[in-house]
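Trainee: I have just opened this model and would like to learn how to read it. Could you walk me through a few features?

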Amino acid sequence: MNMNYINQLQDEVNQIIDGYNPNIFPAFHQTVQDHFPGTLSLKEYMKKTYEALLNYRFDNDNTMGMVAICRDEITDPLFDAVIKYWGKTFNCCSLAGFVMMGKTGLASATDHTPIFEGLRRFTFYAMPHIAISRYGDIGKVYREGIEKASHACGALEVIVNELKSGHLNLETDMEDIEQTIIRQKILSKINYGDKPDLVEITKLASQIIFNDVEKLLSPLDTTIFQYAVMTGIFIHGPLETQWIYPQNFYVVGNDIPNGKEIIEVFQGKD
């Protein structure tokens, strides 16, 4: 197929992505609606989170971004979007988007946040990712320069396949420590004999990541820090379109009633 035609088609899709037409790649659209209702384009998601946080005096001058997503290069658009809205951004990434930075990593990140009005503000975006092809195939993505489909998230798909086969690698592999930790965290949350598919295990990963972020950040002194947390699932669509399935969104601070407030801006979230 002519590359100029492909580029033109991609431009057309990108131009109308905010008002996504289900007639464009209907199989993709139906799969998203079936498994991830309430999904938004990345552009719309970032705009909503940014505008909501303006009400809490977060802005790109006084706030630092933090991102915990998969190391996979196709997650770059989310990292770039956080930089676009929040400026300097601390990289908290690991395999599958699991939060493995620990206390030392968090100490480095928070020490880098700017101080305005006596507060250090940051936003924390954390989520796993999944691909859906134009044909509605879950887990398949076509990467630039590679003719055949590859997979996202590959780290989670390995665990799906291990559970399906009944052969789990339970060894703590110091040469593959991130995958070992991911496997252990997931296995601790499922029942013996369960064989979740990629959608189910990605949703489980999102919940684990949410819990881990909340636990990691909870010791912070809210007289010094004000922060917002956004979790969900990052979805890669056809022609490199990017989508977010929003889940949790909350802000924490000393001047917020009860110290924490859930922000409701996403309609249709299940």
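Trainee: Which backbone oxygen does the side chain of R120 reach at 3.0 Å?

Mentor: Keep in mind that this is a predicted model. To read a polar side chain, look for the oxygen or nitrogen atoms it can pair with. Here the R120 side chain comes to 3.0 Å from the backbone oxygen of T113. A second backbone oxygen, that of D111, is reached at 3.2 Å.

Trainee: Where is R120 found, and is it buried or exposed?

Mentor: R120 is found in strand β5, which spans residues 119–126. Its relative accessible area is 17%, and the cut-off for buried is under 20%, so R120 counts as buried.

Trainee: Which residues does R120 touch?

Mentor: Leaving aside residues up to four places away in sequence, R120 touches T110, D111, T113, P114, I115, I224, F225 and Q226. D111 and T113 are the residues whose backbone oxygens we just met.

Trainee: Let's turn to the cysteines. How many disulfides are there?

Mentor: A disulfide is a covalent bond joining the sulfur atoms of two cysteines. In this model the count is zero.

Trainee: Why is C70 not bonded to C153?

Mentor: Check the distance between the sulfurs. The closest cysteine sulfur to that of C70 belongs to C153, 4.2 Å away. A disulfide needs the two sulfur atoms within 2.5 Å, so this pair is too far apart for a bond. Looking from the other side, C153 is in no disulfide, and its nearest cysteine sulfur is that of C70. As for accessibility, C70 is buried at 6%, and C153 is buried at 2%.

Trainee: How many residues does the largest nonpolar core have?

Mentor: Think of a core as a network of buried nonpolar side chains. The largest one has 52 residues, and those with the most contacts inside it are F36, F98, M101, F124, L156, I186 and L217. Helix α8 gives the most to this core, with eleven residues. Apart from it lies another core of 29 residues, including C93, M127, I244 and F266.

Trainee: Which residues does F124 touch?

Mentor: Beyond its sequence neighbors up to four places away, F124 touches M66, A68, C92, M101, V213, L217, A228, V229 and M230.

Trainee: And which residues of helix α7 are buried?

Mentor: To read a helix, see which residues are hidden, then what they pack against. In α7, residues 177–187, the buried ones are E178, Q179, T180, I182, R183 and I186. They pack against α6 (154–165) and α8 (198–217).

Technical notes
Residues numbered from 1 in each chain as written. Predicted model: local features only at pLDDT ≥ 70, side-chain atom pairs only at ≥ 80, totals over all residues. Heavy atoms only, no water. Buried < 20%, exposed > 50% of the residue type's maximum accessible area, 1.4 Å probe, protein only. Helix = DSSP H or I, 4+ residues; strand = E, 2+ residues; numbered from the N terminus. Contact = heavy atoms within 4.5 Å. Polar contact = N/O pair within 3.5 Å; in protein donor to acceptor, adjacent residues only side chain to side chain. Core = buried A, V, L, I, M, F, W, Y, C linked by side-chain atoms within 4.5 Å.
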